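Me: I am new to this one. Show it to me, and let me ask what stands behind each label.

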Amino acid sequence: MSKVFNKLSKRDGNASHITLRDWLIYYYDKDSLAVLFANMDSAMKYIHNKGYCIQSFNPVDIEILNSSLSQIKFNHLMEMSSDFLSQKTIIKEDIGKSAFLQIGIYAKCLDKLNPLFLKENFDKFSSFLPNDVVPYYRGVIERNASVYLGDYLQEKTKREIEALDREVGGLSSDKKLVKSNFAGKLFEYDSMNTAVNDSIYKQLNSNQESAFVRFLALPFLLIVLGLILFTIIFII
């Protein structure tokens, strides 16, 4: 990754960020893509939790910051409606678009791929995907499942540990330690990603805080105006 940024630095003098499109020009492997996509998913979930959605999944509009695959910035966001059903629909659409982008990159045919063709021919693309995430992408593409990649991977790992536990017949102290370490790593991973995304998308936090202040201020202003009107009427 650092070599890619060094090349870009020589080319345009700016190695602090790189678009996903430019990053894909250079050498990468499935392991790098898996890390990248997990962090893209984490950023997308964070954005959704702040009440926003992603307007563009074009690789030109997605950036990798500071030579780190854990720092992903979606450049075009839009505030979602406060309606729950509307939000649910938009989130499902974002998850579908994200999966489409990732499969297109894995298969190296993003520019030539369209959603309907992918849905009707998913099996032909599954060989390009890491085996452990094929069921996830199948669910999203073929059945429009509304599940985040990170949530799927965490649940999958959790079930694998539980299956191992059932197979060996009970929890030994070693198995308890494995479960404890796994839970701790999940918490550490989630906390780290939240901190990273807080920094990248701090404007969303400011907007959310402003909206909350306005939400609290409105009833107060109505009460004050009511008291003023009551006072005027009483005096008259």
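Me: What makes helix 3 lie across strand 3 and strand 4?
Reply: In this predicted model, helix 3 touches strand 3 and strand 4; contact means heavy atoms within 4.5 Å. Helix 3 runs at about 50° to strand 4. Axes are lines fitted to C-alpha atoms, for helices over the stretch in contact, and angles run from 0 to 180 degrees between N-to-C directions.

Me: What are the ground rules?
Reply: Residues are numbered from 1 along each chain as its sequence is written. In this predicted model local features need pLDDT of at least 70, side-chain atom pairs count only at pLDDT 80 or more, totals for chains, interfaces and linings use all residues, and side-chain values use heavy atoms, without hydrogens and water.

Me: How do you know that the span of helix 3 agrees with its 20 residues?
Reply: The expected span is 1.5 Å times one less than the number of residues. For helix 3 that gives 28 Å, and its end C-alpha atoms are 28 Å apart, so the two agree. Helices are DSSP runs of H or I with at least four residues; strands are E runs of at least two, and both are numbered from the N terminus.

Me: What comes just after helix 3?
Reply: Gly 51, with a positive phi of about 90°.

Me: Why is helix 4 called oblique to helix 7?
Reply: Their axes come within 9 Å and cross at roughly 125°. Under 35 degrees is roughly parallel, over 145 roughly antiparallel, 65 to 115 roughly perpendicular, and the rest oblique. Therefore helix 4 is oblique to helix 7.

Me: Which residues make that contact of helix 4 and helix 7?
Reply: Helix 4 brings seven positions, including Ile 95, Phe 100 and Tyr 106, while helix 7 brings Tyr 136, Tyr 137, Val 140 and Ile 141.Me: What is the make-up of this contact by class?
Reply: Nine nonpolar, two polar and no charged residues. Ala, Val, Leu, Ile, Met, Phe, Trp, Tyr, Cys and Pro count as nonpolar, Asp, Glu, Lys and Arg as charged, and the others, Gly among them, as polar.

Me: Where do helix 3 and helix 8 meet?
Reply: Phe 37, Ala 38, Asp 41 and Lys 45 in helix 3 meet Leu 149, Gly 150 and Asp 151 in helix 8. That contact has three nonpolar, one polar and three charged residues.

Me: What makes strand 1 and strand 4 edge strands?
Reply: The open sheet has the order 1-3-4, with antiparallel pairing. Strand 1 and strand 4 each pair on one side only. Strands pair if DSSP finds at least two bridges between them. Strand 3 and strand 4 have three bridges.
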